[in-house]
Amino acid sequence: MKAFLNGAIVEKADKMIPLEDRGLTFGDGLFEVLRVKDGHIFFFEDHLSRMRNSAEFFGIPFPYSRDEIKDRARELIALNGINDGELYIELTRGVDQNREHKYPPKDTPPTFFMLAIPLRDIDPMNWKSGAIVFSFPDLRHGLCEHKTINLLPNVLAKNYAYQHGGYEALMYREDLKGKYVTEGGSSNYFFVSGNIVITPEIDNLLPGITRSKVIERLKKNGVQVIERRIYHEELKKVDEVFLVSTVSMVMPVRMIDGKNFKAPGQVTKKAMLLYQKLMEED
Ligand code: PDD
């Protein structure tokens, strides 16, 4: 298998990132996960824009143009023979021999790599009859609107869900009114109440590409979508819940913390079809 690292396509097995890379020592970096099918990279511009904007926010130099990245990504996907898979992109602030927290000198080159890998192993029953989900505290920092590689709280949350037989963890924080659910460990979510679809507003959580596509498509098709804070208590009374992400796409949820939901319900089915259609058009 090949990878793209700092300007060249290399053999994945023998290419090493220096131990002092700030991605390793500080989690000082960003990532993107893109879906790949039959040579096509879905929603490439959206993912690249999100990464570039965050790189600018954190002052990490962005080393290549969109076209360069797209060309090299396509080459990598072809070389690795990936028909149905994921393109993983990571950008870090580069190598810093001194391991000092402050930013390294301005001319320090960033580390940029891409992996083209087969789609992760997900039981198709999750789409057919719904995923099992557990809630878990959202232990993250205040930078969750960026796709940073600081994922330890997400790892804890998702591992808890897996250990209990679940697919995803929905993470919650607390305010004076109680627990409110922010997003999944690696997905956003929606719930359906009557004919209205509700999803958390972007308030220290990831502005998911799939989330924005699903909102846009539902609205275009006459479904009312509201973005606001969602309390854990509310989820007990809703009709349908679904997860969205590049990898999960639109995935119905059949159980949260032991409470059952219809999966997929009518509105979830509609969102699944609309998103599928959108991917076909991309
Ligand atoms: N995760 N929220 C979090 C915390 C995520 O990590 C992701 C994506 C999403 C959905 O974003 P998008 O629709 O842009 O994929 C929401 C990727 C898929 C992952 O970590 O594998």
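Two strands count as paired here when DSSP finds at least two bridges between them. Keep that in mind as you walk through this predicted model.

**Stop 1: the open sheet**

Start by selecting residues 84-92 and 111-118. These are strands β5 and β6, which pair in the antiparallel sense over 8 bridges. To find one matching position, pick Thr92 and look across to Thr111 in β6, which stands opposite.

Now widen the selection to the whole sheet. It is open, has 6 strands with antiparallel pairing, and follows the order β2-β1-β6-β5-β3-β4. At the edges are β2 (8-11) and β4 (40-41), each of which pairs on one side only. A general point helps when you switch on hydrogen bonds: strands of a sheet pair through their backbones, either parallel or antiparallel.

**Stop 2: the helices on the sheet**

Add residues 44-58, helix α2. This helix lies across β3 (29-37), β4 and β5, and runs at about 175° to β3. Next, add residues 66-79. This is helix α3, which packs on the sheet and touches β1 (2-5), β2, β3, β4, β5 and β6. The direction of α3 makes about 40° with that of β6.

**Stop 3: Ala3 and its two partners**

Zoom in on β1. On one side, 4 bridges join β1 to β2, and the two strands run antiparallel. With β6, β1 also pairs in the antiparallel sense, over 3 bridges. Ala3 is a good residue to select for seeing both pairings: its bridge partner in β2 is Val10, and its bridge partner in β6 is Leu115.

Stay with Leu115, which is found in strand β6. Is Leu115 buried or exposed? Leu115 is buried, because 20 other C-beta atoms lie within 10 Å, and 20 or more is the cut-off for that class. Leaving out residues up to four places away in sequence, Leu115 touches Ala3 and Tyr88. For a longer view, draw a distance from the C-alpha atom of Leu115 to that of Gln163: the two residues are 48 apart along the chain, and their C-alpha atoms are separated by 27 Å.

**Stop 4: backbone oddities**

As background, most residues other than glycine have a negative phi, and most peptide bonds are trans. Three places are worth a look with that in mind.

- Asn6 lies in the loop between β1 and β2. Although Asn6 is not a glycine, its phi is positive, at about 45°. The hairpin of β1 and β2 has 2 residues between the strands. Asn6 counts as partly exposed, with 14 C-beta neighbours inside 10 Å.
- Asp257 sits in the loop between β14 (249-256) and β15. Its phi is also positive, near 50°, and with 15 C-beta neighbours inside 10 Å Asp257 counts as partly exposed.
- Pro264 is in the loop between β15 (259-260) and α8. The peptide bond leading from Ala263 to Pro264 is cis, with omega near -5°.

**Stop 5: strand β10 and its neighbours**

Select residues 188-193. This is strand β10, which is mostly covered, with 5 of its 6 residues buried. Strand β13 (residues 240-245) runs antiparallel to β10 and is joined to it by 5 bridges. Tyr189 has Leu243 as its bridge partner in β13.

Then add residues 196-199, strand β11, which pairs with β10 in the antiparallel sense over 3 bridges. Here Phe191 has Ile198 as its bridge partner. The hairpin of β10 and β11 has 2 residues between the strands, and Gly194 in this hairpin takes a positive phi near 65°.

**Stop 6: where two helices cross**

Show α6 (residues 209-220) and α8 (residues 266-281). Their axes come within 10 Å and cross at roughly 110°, which means that α6 is roughly perpendicular to α8. For the side chains, select Lys213, Val214, Arg217 and Leu218 in α6, which meet Ala271, Leu274, Tyr275 and Leu278 in α8. By class, this contact has 6 nonpolar, no polar and 2 charged residues.

**Stop 7: around the ligand**

Finish at the ligand. How many residues surround the ligand? There are 14, and the closest are Gly208, Ile209, Thr210, Ser245 and Thr246. Helix α6, from the previous stop, contributes the largest share of this shell, with 3 residues. Colour the shell by class and you will find 4 nonpolar, 8 polar and 2 charged residues.

How values were computed:
Residues numbered from 1 in each chain as written. Predicted model: local features only at pLDDT ≥ 70, side-chain atom pairs only at ≥ 80, totals over all residues. Axes fitted to C-alpha atoms, helices over the stretch in contact; angles between N-to-C directions. Parallel < 35°, antiparallel > 145°, perpendicular 65-115°, else oblique. Contact = placed C-beta atoms within 7 Å. Nonpolar A, V, L, I, M, F, W, Y, C, P; charged D, E, K, R; others polar. Near = placed C-beta within 6 Å. Buried ≥ 20, exposed ≤ 12 C-beta atoms within 10 Å, placed from the backbone.
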